[in-house]
Amino acid sequence: MRMIVSVPKETFPGEQRVALVPELVPKLTKASLDVVVQSGAGESAGFFDAEYERKGAHLEEDAFGKADVLLKVQPPTVDEIGRMHEDALLISFLQPYTNATAIRALAARKITAFSMELMPRITRAQPMDALSAMSTIAGYKAVLIAASRLPKFFPLLMTAAGTITPARVFVIGAGVAGLQAIGTAKRLGAVVEAYDTRPAVKEQVESLGANFAELDLASKDAEDRRGYAKAQSEEFYQKQQEMMFKYVAAADVVIPTALVPGQRAPILITEEMVRGMRPGSVILDLAAEQGGNCALTEPGRDIVKHGVLIIGPMNLPSTVPFQGSEMYARTITSYLVHLLKDGKPHFDLDDELTRGPLVTHQGEIVHEVVKARL
Ligand code: NAD
């Protein structure tokens, strides 16, 4: 019997992406799977039922009941988990460190669940790196939103009505999202400065034509072996705030993106620093979903404090749903194919790529860090 891989319509408020696009259906049917797509699942991303059918998928009204494998973008709700059959396999973003209710429900239902956030950062896993793919979208969109809300131009313009000086953009954290923000702001003609605690980033920032802010800060152990930033001491963050004051004050737009995996985002912009900015300036806090890098950020809201617009966007990747779905679908289907042998799941738990994202299996929470956090 061929296994059924199923793709439901996302129900999380505002979510417009879908976990599989028509173009990738044949990749799964060739791997000996039957593909079921819930009717209308791709519509909000621009992928219609007829295209899925043409590529070999079956359309159904309910995607949960018969699925051997479920592909999702957002974590399933407890109700959705209750509609999955026991021993099914789930691959999705799961927000594993904070989403205790769903993780426990998945274990209780004996679902084998893989969390796309926990993909190891090894070369083999690059085609499956959904977080990086989505960060690319977030970095790009952040700049477009900030540019459209700033009461100024981004580029230098010489006009008959006078010369317009370019906007100054300061990007804090030059990982995948930050580098994309730098590149996008440069293409719009802004003068861009950036800072990151990982010294290796300086060269990448400069190669995009931005200036690296030289702060006199010795970050110890800035990077872990996976390439992520390590948390620093409170004293360090305080010193960083002081040293960044002049960069923040000089900027028209500040885009902080600094994250430390599994932890609340560090506060890098204090209220005093916001007070030091020119009225009309914009902070677009890309760390809002992890609590924000600015002390005043309210996740999911736009607020004005001391004349500065502070935007705390949630789920930016969903605002570019067409390519957001394409990119996500490439990562998730690559991962599913990795987990299969002759069309059936084959879990080699000695393989870092299989074990790393595995959260629940055979009725247990098997990921040690997730278990400890919950
Ligand atoms: P992230 O989203 O976890 O963090 C964003 C950035 O914030 C990082 O660059 C981090 O160094 C920075 N940051 C943390 N604390 C800071 C502070 N106090 N001040 C300033 N900056 C701070 O990271 P990310 O973008 O997902 O990835 C970071 C790097 O990992 C990337 O640049 C990339 O080179 C590497 N990476 C490797 C792989 C792989 O090998 N498969 C995959 C993805 C990314």
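In strand 13, V282 is the bridge partner of V253, and two bridges join strand 12 (residues 253-256) to strand 13 (residues 282-284), the two running parallel. Strands are DSSP runs of E of at least two residues and helices are runs of H or I of at least four, both numbered from the N terminus, and two strands pair if DSSP finds at least two bridges between them. The model is a predicted one, in which local features need pLDDT of at least 70 and side-chain atom pairs count only at pLDDT 80 or more, while totals for chains, interfaces and linings use all residues. Residues are numbered from 1 along each chain as its sequence is written, and side-chain values use heavy atoms, with hydrogens and water left out.

Strands 12 and 13 belong to an open sheet of seven strands with mixed pairing and the order 11-10-9-12-13-15-14. Its edge strands are strand 11 (211-212) and strand 14, each of which pairs on one side only. Helix 8 (residues 234-250) lies across strand 9 (168-172), strand 10 (191-195) and strand 12, running at about 165° to strand 9. Helix 5 lies across strand 12, strand 13, strand 14 and strand 15 (308-311), at about 160° to strand 13. Contact here means heavy atoms within 4.5 Å; axes are lines fitted to C-alpha atoms, for helices over the stretch in contact, and angles run from 0 to 180 degrees between N-to-C directions.

An open sheet of eight strands has the order 3-2-1-4-5-6-18-19, also with mixed pairing. Strand 3 (58-60) and strand 19 (364-365) stand at its edges with a single partner strand each, so one side of each is left without a neighbour in the sheet. Helix 10 (residues 321-339) packs on this sheet, touching strand 1 (3-7), strand 2 (33-38), strand 4 (69-71), strand 5 and strand 6, and its direction makes about 145° with that of strand 5. The pairings listed below lie in this sheet.

| Strands | Sense | Bridges |
|---|---|---|
| 5 (residues 89-92) and 6 (residues 112-115) | parallel | four |
| 6 and 18 (residues 358-361) | antiparallel | two |
| 18 and 19 | antiparallel | two |

L89 stands opposite T112 in strand 6, and F114 opposite L358 in strand 18. Strands 18 and 19 form a hairpin with two residues between them, and Q362 in the turn has a positive phi of about 50°.

Helix 5 (residues 130-149) and helix 10 have axes that come within 9 Å and cross at roughly 165°. The two helices are therefore roughly antiparallel to each other, a term for angles over 145 degrees. The contact is made by A130, A133, M134, T136 and I137 of helix 5 and G324, M327, Y328 and T331 of helix 10. By class, this contact has six nonpolar, three polar and no charged residues, where Ala, Val, Leu, Ile, Met, Phe, Trp, Tyr, Cys and Pro count as nonpolar, Asp, Glu, Lys and Arg as charged, and the others, Gly among them, as polar.

The axes of helix 5 and helix 6 (residues 176-187) come within 7 Å and cross at roughly 35°. Among the residues in this contact are T136, G139 and Y140 of helix 5 and Q180, A181 and T184 of helix 6, and the contact divides into seven nonpolar, six polar and no charged residues.

The structure holds 16 salt bridges, each a side-chain nitrogen of Lys or Arg within 4 Å of a carboxyl oxygen of Asp or Glu. In one of them, D302 pairs with R149, the closest N and O atoms being 2.8 Å apart. This pair links distant parts of the chain, with D302 in strand 14 (residues 302-305) and R149 in helix 5, 153 residues apart.

Conventions:
Angles under 35 degrees count as roughly parallel, over 145 as roughly antiparallel, 65 to 115 as roughly perpendicular and the rest as oblique.
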